[in-house]
Amino acid sequence: MGSHNMIEWVYIAAVVAILTWVGADSWVIEKYIDEIPEDAETIKVTAQQWFWTFEHEDGTKEVGELHLKAGKAYRFEVTSKDVIHAFNIPFYTAMIDAVPGRINKVWFAPDQTGEFLIQCREYCGLLHSQMRAKLIVEA
Amino acid sequence: MIEHMRIFKYSVKSKSVGVGLTSGRLLSLILAPLLVASLIPILDSAFAAEAEQLINRRVEIWGLFYRLMAAAFVVGAAVQGVMAFVLFRFREKKEKPQEVVR
């Protein structure tokens, strides 16, 4: 062990250990995030140039605004009517592509009340930058 | 010439020691931290699953981001440090230029 090249071996071990930890940690967090809670309420999200439509489980629809309750889990089933969009709520780090003919799922549980931005994150045409909606989280 | 011989001897010696390191202790040196590092988050998730509480996605994702950033900086520092050390060692091992005496 008293060799002059021990530093290289320690370096290799340390770097490999850190990268393994990074991989394992990422895998665990991704597994956490992918698991949608069974009691989550489903919201159907439809994107089209250039606005968002939200449909609750009871059939009520909202356009450009979404009302949710804090402390409850919501599953979003996201699709598009025309081109590819991306459903993004930056504050709650939720993002998923809205693809025509396909239903993508994402979930989160809002923990803070207030107004938050919903924004399209995939360039979808002339008014892409204006394709926003308001998320209102109530107590 | 003597200096050259010394360097030659040194390199041969180091090679033999290097080969000796690959067995046993070196393997455990590499594998032990690997094993511990990969087990920690898995055990952590196992205990968290028992609690069955709703995870805060925002906190988890940003937490992971900061941990990965810290890991990237540590790896970067380790790589830079070892490179500097290896260069320094190489420089010190090289034969020093002789002063010209006229």
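Biologist: What share of the contacts in chain A with a separation of 6 or more comes from residues 24 or more positions apart?

Modeller: Ground rules first: this is a predicted model, where local features need pLDDT of at least 70, side-chain atom pairs count only at pLDDT 80 or more, and totals for chains, interfaces and linings use all residues. Residues are numbered from 1 along each chain as its sequence is written, while chains are lettered from A and ligands numbered from 1 in the order in which they are written. Two residues are in contact if their C-beta atoms, placed from the backbone, lie within 7 Å. On that basis, the share for chain A is 62%.

Biologist: What is the radius of gyration of chain A?

Modeller: Chain A has one helix and 10 strands (DSSP runs numbered from the N terminus: H or I of at least four residues for helices, E of at least two for strands). Taken over C-alpha atoms, the radius has a yardstick in the globule rule, 2.2 Å times the number of residues to the power 0.38. For 139 residues that rule gives 14 Å, and chain A is well over it, so it is more spread out than a compact globule, at 21 Å.

Biologist: How far apart do the C-alpha centres of domain 1 and domain 2 of chain A lie?

Modeller: The bounds, from an automatic or database domain assignment, put domain 1 of chain A at 1-35 and domain 2 at 41-138. Along the principal axes, the C-alpha atoms of chain A fill a box of roughly 75 × 35 × 25 Å. The two domain centres are separated by 37 Å.

Biologist: Is strand 6 of chain A largely enclosed or in the open?

Modeller: A residue counts as buried if 20 or more other C-beta atoms lie within 10 Å of its own, exposed if 12 or fewer, and partly exposed in between, with C-beta atoms placed from the backbone. A:His85, A:Phe87 and A:Ile89 point one way from strand 6 of chain A, A:Ala86 and A:Asn88 point the other way, and all are buried. Five of the five residues being buried, the strand is largely enclosed.

Biologist: Which residue of strand 9 of chain A stands opposite A:Asn88?

Modeller: Strands pair if DSSP finds at least two bridges between them. Strand 6 of chain A pairs in the antiparallel sense with strand 7 over five bridges, and with strand 9 (residues 114-120) over two bridges, also antiparallel. On the strand 9 side, the residue opposite A:Asn88 is A:Gln119.

Biologist: Which residue in the turn of the hairpin of strands 6 and 7 of chain A has a positive phi?

Modeller: Four residues sit between those two strands, and A:Ile89 has A:Ala94 as its bridge partner in strand 7 of chain A. The residue you're after isn't a glycine, yet its phi is about 45 degrees. With 17 other C-beta atoms within 10 Å, it is partly exposed. That's A:Thr93.

Biologist: To which residue does the cis peptide bond from A:Gln49 lead?

Modeller: Omega is near 0 degrees at that bond. The residue on its far side lies in the loop between strand 1 (41-48) and strand 2 (51-55) of chain A. It's A:Trp50.

Biologist: How far apart are the end C-alpha atoms of helix 3 of chain B?

Modeller: Helix 3 (residues 57-93) of chain B has 37 residues, of which one is buried, so it lies largely in the open. The expected span is 1.5 Å times one less than the number of residues. That should come to 54 Å, and the model agrees, at 53 Å.
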